[in-house]
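Here's a quick briefing on a protein chain for someone who likes geometry with the cut-offs spelled out. Have a look at the structure first, then read on.

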Amino acid sequence: MTVTLADVAARARVSPATVSRVLNGNYPVAASTRERVLRAVDDLDYVLNGPASSLAAATSDLVGILVNDIADPFFGIMAGAAQTQIGGPGDGSGRAGGEKLAVICNTGGSPERELTYLTLLQRQRAAAVVLTGGAVENPAHQAAMAAKLAKLADGGTRIVFCGRPPLPEGDALVAALAFDNRGGGRRLTEHLISLGHRRIGYVAGPPERTTTRHRLEGHREALRAAGLDDAPAGDGTADGTGGPAADDDRLVVHGPYDRRSGYEATLELLRRAPDVTAIVAANDTVALGSCAAVRDQGMRIPQDISVAGFDDLPFSVDAVPALTTVRLPLFEAGARAGRLAMGKENPPPGGIATIAAELMIRGSTAAPRG
């Protein structure tokens, strides 16, 4: 049943005109009244019609792109590539054609902010939403996401995941473009093992993220295949509640996906296991922090210890030595997500596509000495 302006007014105990004033922002309203109206809007999940309100399923020219951190090249590259397909290059005339207005929504990694942005995009009747990067493995959040995305899809919004696996439940997606993080993690560790490394430390990302779990699972698959698995029985995979299990492996340290975390986690890793000969970092940014920590401990890369990253961000090849990493086709994936969001490309069979990861071997890894 469609929620009306009158329903919101009744819930907030104000007149429909007051609700309209609050939502349009064109007339001063007491702060307490405004708060009451907005709470009613959230409680009833009311969607404000835009200029095309006369069309029941009309969507706007707005496309939302949700990212964890636009300053992170991982997200910036995908968002920029998607925008090239959404906004279009234009023909120099200044006239709008089939393009849409792409709006970047920076969640800061907050599940609550992710849901808030989706609600705001729903109220604006966004034509499409592209969600980038790994998802939070929390059952309550996943259920809330599935419900919210279903409502968006019911209103005509196209939903595309880019670099993110599909939700355990929910079929509102146009497509999910999922990176092969598990396979990439496995091949990276296999490379280090082939060089002769037997004590490999791992600086992992936040344990509640799908990206973290999949990359770490690939790493441990390679260790087990080589008979090197000394991790505990609970190997970081989801526990009975659907969330990640506690990770007490002393060769794994978790932290955010940033340089500072890489630095601090590497110091902790070297304290726990000073005999490691190689370190795998959660991503290339974390790897830079790991490299700095290794050097500050008076060790050389790769002569004393090898360091590897993940993603193949633009600066990876310019690091000294150049960083061995796993290349994800971020620009290509982002552009494809943009085309899917615009209906320019047919969805993959079954709506899900796994995007291959490529091992890039460079100077930061070598055989251990001694």
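What follows is an overview, then notes grouped by topic.

This is a predicted model, where local features need pLDDT of at least 70, side-chain atom pairs count only at pLDDT 80 or more, and totals for chains, interfaces and linings use all residues. Residues are numbered from 1 along each chain as its sequence is written, and side-chain values use heavy atoms, with hydrogens and water left out. The protein chain has 11 helices and 12 strands; helices (H or I, at least four residues) and strands (E, at least two) are DSSP runs, numbered from the N terminus. Of its 370 residues, 48% count as buried; buried means under 20% relative accessible area, exposed over 50%, and partly exposed in between, with a 1.4 Å probe and protein chains only. Looking at contacts between residues at least 6 apart in sequence, 72% join residues at least 24 apart, where contact means heavy atoms within 4.5 Å.

**Helices H6 and H8**

- Helix H6 covers residues 139–154, and its 16 residues should span 22 Å at 1.5 Å a residue; the end C-alpha atoms are 22 Å apart, which agrees. The expected span is 1.5 Å times one less than the number of residues.
- At the N-terminal end of H6, Asn138 acts as a cap, with a side-chain oxygen 3.1 Å from the backbone nitrogen of Ala140.
- The buried residues in H6 include His141, Met145, Leu149 and Leu152. Their cover includes helix H5 (111–123), strand E3 (128–132) and strand E4 (158–162).
- After H6 comes Gly156, with a positive phi near 100°.
- Helix H8 (residues 210–225) also has 16 residues and an expected span of 22 Å, and its end C-alpha atoms are 22 Å apart, in agreement.
- H8 is mostly covered, with 13 of its 16 residues buried, and is followed by Gly227, whose phi is positive, near 70°.

**Helix pairs**

- Two packed helices are described by the angle between their axes and the distance between the axes. Here the axes are lines fitted to C-alpha atoms, for helices over the stretch in contact, and angles run from 0 to 180 degrees between N-to-C directions.
- H9 and helix H10 (residues 284–296) pack at about 45°, with axes 6 Å apart, and are therefore oblique to each other. Angles under 35 degrees count as roughly parallel, over 145 as roughly antiparallel, 65 to 115 as roughly perpendicular and the rest as oblique.
- H9 passes H10 in a right-handed crossing; a crossing is left-handed if the near helix is turned anticlockwise from the far one by less than a right angle, and right-handed if clockwise.
- Among the residues making the H9–H10 contact are Gly262, Tyr263 and Thr266 of H9, and Leu288, Gly289 and Ala292 of H10.
- Helix H1 (residues 5–12) and helix H3 (residues 31–44) pack at about 120°, with axes 9 Å apart, which makes H1 oblique to H3.
- H1 passes H3 in a right-handed crossing, where Asp7, Val8, Arg11 and Ala12 of H1 meet H3 residues including Arg36, Val37 and Leu44.

**Single residues to click on**

- Arg199 sits in the loop between helix H7 (181–195) and strand E6 (200–204) and counts as buried at 19% relative accessibility.
- The side chains of Arg199 and Asp275 share a polar contact of 3.1 Å. That term means a pair of N or O atoms within 3.5 Å; within protein, one must be able to donate a hydrogen and the other to accept it, and residues adjacent in sequence count only if both atoms are side-chain atoms.
- Phe331 belongs to helix H11 (residues 330–342) and is partly exposed at 45% relative accessibility. Its C-alpha atom is 5.3 Å from that of Met78, although the two are 253 residues apart along the chain.

**Backbone oddities**

- Most residues other than glycine have a negative phi, and most peptide bonds are trans.
- The peptide bond from Ile301 to Pro302 is cis, with omega near 5°, and the one joining Val320 and Pro321 is cis too, with omega about -5°.
- Arg13 has a positive phi of about 60° and is exposed at 64% relative accessibility.
- Arg125 has a positive phi of about 50°, but is buried, with a relative accessible area of 16%.
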